[in-house]
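Here's a quick tour of a model, starting at its surface and ending at its sheet. Have a look at the structure first.

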Amino acid sequence: MTVDSIATPTETELDRAIDALAGGIGGWATTGLRARAALLRETQRTVAAEAGVWTGSATSAKRVPSGRYEGEEWMSGPGATAPMLAEYAATLEKLADGGSALDGVRLSSRPGGRVGVRVLPGDAKDHLLFSGFTADVWLKPGVTEEQARRDAGLGAKSRGEAGGVGLVLGAGNISAIAPLDVVYELVAYNRASILKLNPTFAHLLPSYERALAPLIKRDLVRVVNGGPEVGGYLTGHAGISHVHITGSARTHDAIVWGVGEEAAANRAAGTLKLHKEITSELGGVSPIIVVPGRWSKAELRFQAEHVVTQRLHNAGHNCIGGQALILGRDWVQKDDFLAAIREVLQEIPARPPWYPNGQASIDRAAATYGAAAEQVGSCLLVTMADDAPSELYDGEYFAGVLGVTELPGKGADFFANAVAFANDRLDGTLGASVIVRPSDIRRMGARFDQIVADMRYGAVGINVWSAIAFLLGGSGWGAYPGHTLEEVGSGIGTVHNTHLLSDVEKTVVRGPFRPFPMSVLKGEPSMAPRPPWFVTARTAQKTGKALARLGGRRSWLNTLRVLPPAIRG
């Protein structure tokens, strides 16, 4: 089947779909919370049943090489979608019992008058699977614990409220994004959705329809294909009350302001082309901040694999892909670390860009930076001199390009300098990662947490890629608050957020600096298991499939099935 052979709905068919959704959301408004939860659990099962076909369609669309890289599609597709459906259901059941969505959830004080909501680990299975990992959602300064518990639940607490019909413009890079966006619209805002797929995922439509069949049957979701003409018709449709987009700021602004002279005139006059609310997740230039320390050879290698993963997962086509590697100018192990990164890049299986214009982005960076750009395996490594062009900082390449920037300072001073640079100089606020030895964190004391509080990013990963917040249902996923339609940055709004928290500021995920066996055996990295999302994880395919099975049914048996392939990773 070719893209040209894929059916595009007519305007009449789109009108009928919107009318059906308008009726369906009216029924949802009068449906009790327990019945809503049961519908979500039914959808969890249909997602799990479709997982193999869904993953196969995604690997085909992306031309994923057989083997380890297929694990990415299990984990970031049905493996991410199914468990969040169950988590939403659990939240609705708490509310149905008359409690708070945060009953049983630990709250804590964070710097600057913030409340932290512990979302990982959530239970004993999490303790086993995510040993050494934690995640906390930080709420905006001034929100009290009492307010957090009272306000959690969002639109699910408004029985009888119908939020109308929204349009979700689906992402074309990660297959869980669009289904999770429509589910959040439904649970958090009582809004039915017509989901327009990105053309890169056009062939996933049958799989999505089977996976989301319970919601489609209730006229709460419709999935359609089509190009810009379909998107344009739907954004302007009188029956659409809200738009959510995952994509680029350029596409967002074309919807909101128009293009060319029309956009310039609308901006000058303060006149919007789109006359309805829009929320968005738009990516940016994600930093990887490496705090100087004294690392063993095995640690240098492990963290080099960590950096390469942040850039080359999904062949580099991630809105949260690390693009700006920030190192200490005077770090004595800086050259050793860069050598380890080059070694990893040369060793892993090559994977050419598959996303439209991916290679063109790499070619543009190579032309911009000339001799400062070095092709190493599937990645273009760019050394950013002080007088280098700013293009790498000004927008995401959405491809395998990694810039190396050196800043002065050591310890907390370096960390503060790097955070200030990232906050003020890099485009976007979606996510940032920090790699730092635990002993160096202890030396910084309270200042470390304060610097983390100063990071203006929606997801912060400490010794873990910030993208892992995307996979954790309890995390709020989206840009740091404060963007506007005039300066949209990495977007407006939050998704996922299975506890239905209000006033989300950021999610902070922490991981171990090195795997447990490496610290005990003091051996080579090959002796230690890698996290399954690492591009170097040899058993990622088997682990990803086991995690997807667990997402469909969270039993102890399925939990234990994850461990053997994960340990061999």
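## A leucine at the surface

L128 counts as partly exposed because its relative accessibility is 35%, where buried is under 20%, exposed is over 50% and partly exposed is in between (1.4 Å probe, protein chains only). This residue sits in helix α5 (residues 124-129); helices are DSSP runs of H or I with at least four residues, strands are E runs of at least two, and numbering goes from the N terminus.

## Ground rules

This is a predicted model, so to speak with pLDDT filters: local features need at least 70, side-chain atom pairs count only at 80 or more, and totals for chains, interfaces and linings use all residues. Residues are numbered from 1 along each chain as its sequence is written, and side-chain values use heavy atoms, leaving out hydrogens and water.

## The sheet

The open sheet has 11 strands, in the order β1-β2-β3-β18-β15-β14-β9-β10-β13-β12-β11, and its pairing is mixed (two strands pair if DSSP finds at least two bridges between them). At the edges, pairing on one side only, are β1 (107-110) and β11 (373-376).

Strands β9 (residues 286-290) and β14 (residues 431-435) run parallel, joined by 3 bridges. I288 has S433 in β14 as its bridge partner.

## Helices on top

Helix α13 (residues 297-312) packs on the sheet, touching β9, β10 (322-328), β12 (379-383), β13 (401-407) and β14, with contact meaning heavy atoms within 4.5 Å. Its direction makes about 170° with that of β14; axes are lines fitted to C-alpha atoms, for helices over the stretch in contact, and angles run from 0 to 180 degrees between N-to-C directions.

Helix α17 (residues 411-425) lies across β9, β10, β13 and β14, at about 170° to β9.
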